[in-house]
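Colleague: I'm new to this one and would like a close look at a single part. Could you pick one helix and walk me through it and its surroundings?

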Amino acid sequence: MKISEHFAKREFEKSGTALRLGISNVITDPEHLLNLSSLCATVLEPIREKFGPMSISSGYRHPDLSQALGSKPTSSHCFAEAVDFECFQSPGNNHVFSWIVKESGLSWDQAIIEFCPENSEDPFDGWIHLSSKRVKSENRGDVLRAVKNDGKTVYERLN
């Protein structure tokens, strides 16, 4: 099922962890499908237009999958409002992230550059997490960087 011009529902449901653990990671809630449609149309399609195809590492997460991954069942991923991705035809994750938060004019809830140091020699270290609510006035516009500190993930506020 196509969600938008360049994105299919299965791209957001695919999870190796869900397969290994026998967790169904299929979006069945109509509200979640509407959330995903909004995410694709208002956020992901403009990014794809600018930087080319995306590699989605994590999209929708059933709450059981979220828990298995050590995340909360309240994660935006569980409501089909978030995606972790990279654009491998771009200059790199920091470049795409900077464009999203400084130039794009897109509305998002959280933009997080995850485990990608600013001065990294590999432009594709880490990934970008982006979430967006269907009701754009509910988006907080948080800009964060995820780093490891003493083995724990810490989120540094950038705005």
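Modeller: Here is a tour of helix 3, followed by the sheet it lies on.

First, some ground rules: this is a predicted model, where local features need pLDDT of at least 70, side-chain atom pairs count only at pLDDT 80 or more, and totals for chains, interfaces and linings use all residues. Residues are numbered from 1 along each chain as its sequence is written, and side-chain values use heavy atoms, with hydrogens and water left out.

Helix 3 covers residues 30-51, 22 residues in total. (Helices, H or I of at least four residues, and strands, E of at least two, are DSSP runs numbered from the N terminus.) From first C-alpha to last, helix 3 reaches 30 Å, close to the 32 Å expected at 1.5 Å a residue; that expected span is 1.5 Å times one less than the number of residues. At the start of helix 3, Asp29 puts a side-chain oxygen within 2.7 Å of the backbone nitrogen of Glu31. Further along there's a kink of about 40° at Leu44, shortly before Pro46; the bend is the angle between axes fitted to the seven residues ending at a residue and the seven starting there. After helix 3 comes Gly52, with a positive phi near 90°.

Now, what's tucked away? The buried residues of helix 3 include His32, Leu36, Leu39, Val43 and Ile47, where buried means under 20% relative accessible area, exposed over 50% and partly exposed in between, using a 1.4 Å probe and protein chains only. In an α-helix, residues three or four places apart point the same way, because there are 3.6 residues a turn. Among the elements covering the buried residues of helix 3 are helix 1 (9-13), helix 5 (93-102), strand 2 (82-86) and strand 4 (127-131); contact here means heavy atoms within 4.5 Å.

Those two strands also tell you how helix 3 sits: helix 3 lies across strand 2 and strand 4, at about 15° to strand 2. Angles run from 0 to 180 degrees between N-to-C directions, with axes fitted to C-alpha atoms, for helices over the stretch in contact.

As for the sheet, six strands form an open, mixed one in the order 1-2-4-3-5-6; strands pair if DSSP finds at least two bridges between them. Strand 1 (55-58) and strand 6 are at the edges with a single partner each, so one side of each has no neighbour in the sheet. The twist averages 30° from one strand to the next. Strand 4 runs antiparallel to strand 3, and five bridges join them.

Conventions. A polar contact is a pair of N or O atoms within 3.5 Å; within protein, one must be able to donate a hydrogen and the other to accept it, and residues adjacent in sequence count only if both atoms are side-chain atoms.
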